[in-house]
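Some structural terms are easy to use and harder to justify. Shall we take a few of them and ask, each time, what earns the label?

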Amino acid sequence: MLPAGNRFLGFIIIIILITSATLYGRLRYIPDDYTNIQTAINDSGGGDTLIVRPGTYYENINFNGQNLVLASEMLLTGDYNYIETTILDGDSSDAVLTFANGEGPSSLVYGFTIQHGKSHDGAGVFCDGASPIIAYNIIRNNYAYRPTGGGNGGGVYCSYSNAIIMNNLIAHNQCSGVYGGFGAGIASRNAVPIIINNTITRNLSNQLGGGLFSTYSNPVVTNCIFWNNEAVDEGNELYIHESDFSITYSDIFAGYAGQGNINSNPEFRDPANDDFRLMSTEYGYSYDSPCIDTGNPLFKDHILSELWGLGTVTSDMGAFGGGDSTGTDIFGEIRSIPDKIALNQNYPNPFNPVTKIDFNLNEPQHVILKVFNLLGQEIESLIDNTLEAGSHSVTFDASKLSSGVYYYTLKTNDRVESRSMVLMK
């Protein structure tokens, strides 16, 4: 289960996208304004926000090329209770959510329980030629089954997709078929999904990849927990075939080589009853989870509480950690910054294709400003020079890059500071 009662949490990228969508599109409620979700989507325009009241909705939802926000009331309140009380149920008749018409990252699904989908591929969430954001959901009890082949992606399926999959609990999904099942948690075929801060556990594939199956793909995985998934043939947690795979700062049962990765029991609080939050002695539990404060250092826990962001502000692994990669707190104020450097958030953000990066120096010094992708590969060097004290600004043109999350890093004589930015084309 996901934590209840916390407010004003959320990954800053999601906040920016939501703000943009609700500012420029229409805000409507289901079932107040429409009797069902699909009717609301069919009547929507670009940038609309659809808020779904608590309840169970037996639907097979297709975004049909609409770039819009579909969210529970968690979006407006920050209350995690709405995840478990706002249920999208596929009624075992098709995928719960389908993105197959070029939807981009301004399509967002946020704050639901997604369950009981049944389809050949992507029983919970199906992404083919589309790149939505799937964030802060429970994706459970979905079944990818193909009677004449192999089922792909019980929880999530990505094909020719750059979907962002973040802060989801993906559990108890299955995949099978006459020729097997591939990726009970997540399946990636010819795709580049970004998979951040997910807990992926107790998924079952009757052939390959209990947690994640990747073929001819370049997935980027960080801050995730893969634990107690099962594949009948091979790859209980991960099955990787012909893939340029990046996985870092994750807890993977049986181990996986990569920066910051560990192989430790995550010490969930009560996994027998599907409570996959992390134990903490600070709040009366027997152990400290090894996933506390061991996540990607580019991310910070958005808030510290009994339920979310344990230990220090250093990011936790799994669905209940991370949430802030910008150096700002939950209200947007800048954190305390050393006197020698002040690196500001780029503006505009998200941007397309040009944005401005500002920073301040209180003394002359040599400055290096570079842009990196999520793999840590250098994209462009913007400054490598000695500058005078004062305010400085540089323009970054990303017209040759694809949509996604990038980082810019400012290095001075004695300090390194990084921030994230979002390119949306």
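## What earns each label

Q: Which residue in E37 stands opposite Leu343?
A: Leu343 faces Phe359 in E37. A caution before we go on: this is a predicted model, in which local features need pLDDT of at least 70 and side-chain atom pairs count only at pLDDT 80 or more, while totals for chains, interfaces and linings use all residues. Residues are numbered from 1 along each chain as its sequence is written, and side-chain values use heavy atoms, with hydrogens and water left out.

Q: How do you know that E36 and E37 pair?
A: Pairing requires that DSSP finds at least two bridges between two strands. E36 and strand E37 (residues 354-361) are joined by two bridges and run antiparallel, so they meet that requirement. Strands themselves are DSSP runs of E with at least two residues, helices are runs of H or I with at least four, and both are numbered from the N terminus. The chain has four helices and 42 strands.

Q: What makes E36 and E40 edge strands?
A: Three strands form an open sheet in the order E36-E37-E40, with antiparallel pairing. Strand E36 (342-343) and strand E40 (390-397) each have a single partner strand, so one side of each is left without a neighbour in the sheet. Between E36 and E37 lies the loop that holds Pro348, and the peptide bond from Tyr347 to Pro348 is cis, with omega near -5 degrees.

Q: What does pLDDT say about this chain?
A: pLDDT is the predictor's confidence in each residue, from 0 to 100. The chain has a mean of 85, and 89% of its residues reach 70 or more. Residues 325-339 are below 50, and beyond near neighbours in sequence this stretch has 30 contacts in the model. A contact here means heavy atoms within 4.5 Å.

Q: Why is Leu97 called buried?
A: Buried means under 20% relative accessible area, exposed means over 50%, and partly exposed is in between (1.4 Å probe, protein chains only). Leu97, at 0%, therefore counts as buried. Its place is in strand E7. Beyond its neighbours within four places in sequence, Leu97 is in contact with several residues, including Ile61, Phe63, Leu70, Val109 and Phe126. Across the whole chain, buried residues make up 57% of the 425 residues.

Q: What makes Asn64 and His116 neither buried nor exposed?
A: Asn64 has a relative accessible area of 42%, so it is partly exposed. His116, at 31%, is therefore partly exposed too. Asn64 sits in the loop between E4 and E5, and its phi is near 50 degrees, a positive value in a residue other than glycine. His116 sits in the loop between strand E9 (113-115) and strand E10 (118-119), with phi near 60 degrees.

Q: Why is the pair of Phe63 and Phe99 called tilted?
A: Rings of Phe, Tyr and Trp (its six-membered ring) pair if their centres lie within 6.5 Å; planes under 30 degrees apart count as stacked, over 60 as edge-to-face and the rest as tilted. For Phe63 and Phe99 the centres are 4.4 Å apart and the planes 45 degrees apart, so the pair falls in the tilted class. Phe63 lies in the loop between strand E4 (61-62) and strand E5 (69-72) and Phe99 in strand E7 (residues 97-99), so the pair ties together parts that are 36 residues apart in sequence. Both rings belong to buried residues.

Q: And why is the pair of Phe213 and Tyr239 called stacked?
A: Here the centres are 5.6 Å apart and the planes 5 degrees apart, so the angle puts the pair in the stacked class. Phe213 is in strand E25 (residues 212-215) and Tyr239 in strand E29 (residues 238-241), so the pair ties together parts that are 26 residues apart in sequence. Phe213 and Tyr239 are both buried.

Q: How do you know that E5 pairs with E2 and with E8?
A: Four bridges join strand E2 (residues 49-52) to E5, and three join E5 to strand E8 (residues 108-110), so each count satisfies the rule for pairing. E5 runs parallel to E2 and to E8. On the E2 side, Val52 stands opposite Ser72; on the E8 side, Ala71 has Tyr110 as its bridge partner. Val69 and Ala71 point one way from E5, Leu70 and Ser72 the other way, and all are buried.
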